[in-house]
Amino acid sequence: KFGMVGQRVTSADLRLAQACTDDVARLLVQAVRASGDVMGAIEDGQVIASEAVFDGFSQQQERLNAMLARREPLPSLIGGGFEIAGALLALSRQLEPREPR
């Protein structure tokens with residue numbers, strides 16, 4: 001090992017870890033996109049939302065973007081992503097569709 005300290009990892013474990021990382025990254029990117037779509041619908045008047053709700057979506061989207069930009073480790077991404085998902089769910093429940101004219 002030439003001074004390298006650590007446990008040996010099987011190729012199956014490595015594939016599983018890589019699959020988890022890929023899945024989390026894919027879902028976080030989708031969350032950023034979906035949050036942006038909701039903000040666009042609010043701006044276009046398709047959805048009724050208070051300024052506080054709109055700002056809440058913006059803040060959560062910024063948190064997601066920052067997590068991705070910092071390239072945080074998987075446990076931080078999962079924990080932070082879970083918190084953000086909860087916040088986005090709560091904000092989504094406050095949205096109202098605009099009545100068609």
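The exercises below work through helices, a pocket and single residues of a predicted model.

**Exercise 1. Which residues of H3 are buried, and how are they placed around the axis of H3?**

Solution.
1. H3 has 19 residues, and its first and last C-alpha atoms are 26 Å apart, close to the 27 Å expected at 1.5 Å a residue.
2. The buried residues of H3 are Leu77, Gly80, Gly81, Ile84, Leu88 and Leu91.
3. They cover an arc of only 105° around the axis, so they lie on the same side of H3.
4. Pro75, Phe82 and Glu83 are exposed on the other side of H3.
5. The cover over the buried residues of H3 includes H1 and H2.

**Exercise 2. Compare the span of H1 with the span expected for its 34 residues, then find what covers its buried residues.**

Solution.
1. At 1.5 Å a residue, H1 should span 50 Å.
2. The end C-alpha atoms of H1 are 49 Å apart, which agrees with that value.
3. Val24, Leu28, Val32, Ser35, Met39, Ala41 and Ile42 are the buried residues of H1.
4. Their cover includes strand S1 (47-48), H2 and H3.
5. Just after H1, glycine 45 has a positive phi of about 85°.

**Exercise 3. Describe the lining of the largest pocket by helix and by residue class.**

Solution.
1. The volume of the largest pocket is about 170 Å³.
2. Its lining includes Val24, Leu27 and Leu28, as well as Leu64, Leu77 and Phe82.
3. Helix H1 (11-44) and helix H3 (74-92) each supply at least two lining residues.
4. H3 gives the largest share, 6 residues.
5. By class, the lining has 10 nonpolar residues, 1 polar residue and no charged residues.

**Exercise 4. Is glutamine 60 buried or exposed, and which residues does it contact beyond its neighbours within four places in sequence?**

Solution.
1. Glutamine 60 lies in helix H2 (residues 51-70).
2. The relative accessible area of glutamine 60 is 9%.
3. Buried means under 20%, so glutamine 60 is buried.
4. Leaving aside neighbours within four places in sequence, glutamine 60 is in contact with Ile84, Ala87, Leu88 and Leu91.
5. Of these contacts, Ile84, Leu88 and Leu91 are among the buried residues of H3.

**Exercise 5. Where does arginine 71 lie, and what sign does its phi have?**

Solution.
1. Arginine 71 lies in the loop between H2 and H3.
2. Most residues other than glycine have a negative phi.
3. Arginine 71 is not a glycine, yet its phi is positive, at about 55°.
4. The relative accessible area of arginine 71 is 74%; exposed means over 50%, so arginine 71 is exposed.

Methods
Residues numbered from 1 in each chain as written. Predicted model: local features only at pLDDT ≥ 70, side-chain atom pairs only at ≥ 80, totals over all residues. Heavy atoms only, no water. Helix = DSSP H or I, 4+ residues; strand = E, 2+ residues; numbered from the N terminus. Buried < 20%, exposed > 50% of the residue type's maximum accessible area, 1.4 Å probe, protein only. Contact = heavy atoms within 4.5 Å. 1 Å grid on protein atoms, 1.4 Å probe; cavity = no way out; pocket = protein on both sides within 12 Å on 5 of 7 lines; lining within 4 Å. Points joined across faces, edges and corners; volume = space filled by probe spheres on them. Nonpolar A, V, L, I, M, F, W, Y, C, P; charged D, E, K, R; others polar. Expected span 1.5 Å × (residues − 1). Arc of directions from axis to C-beta.
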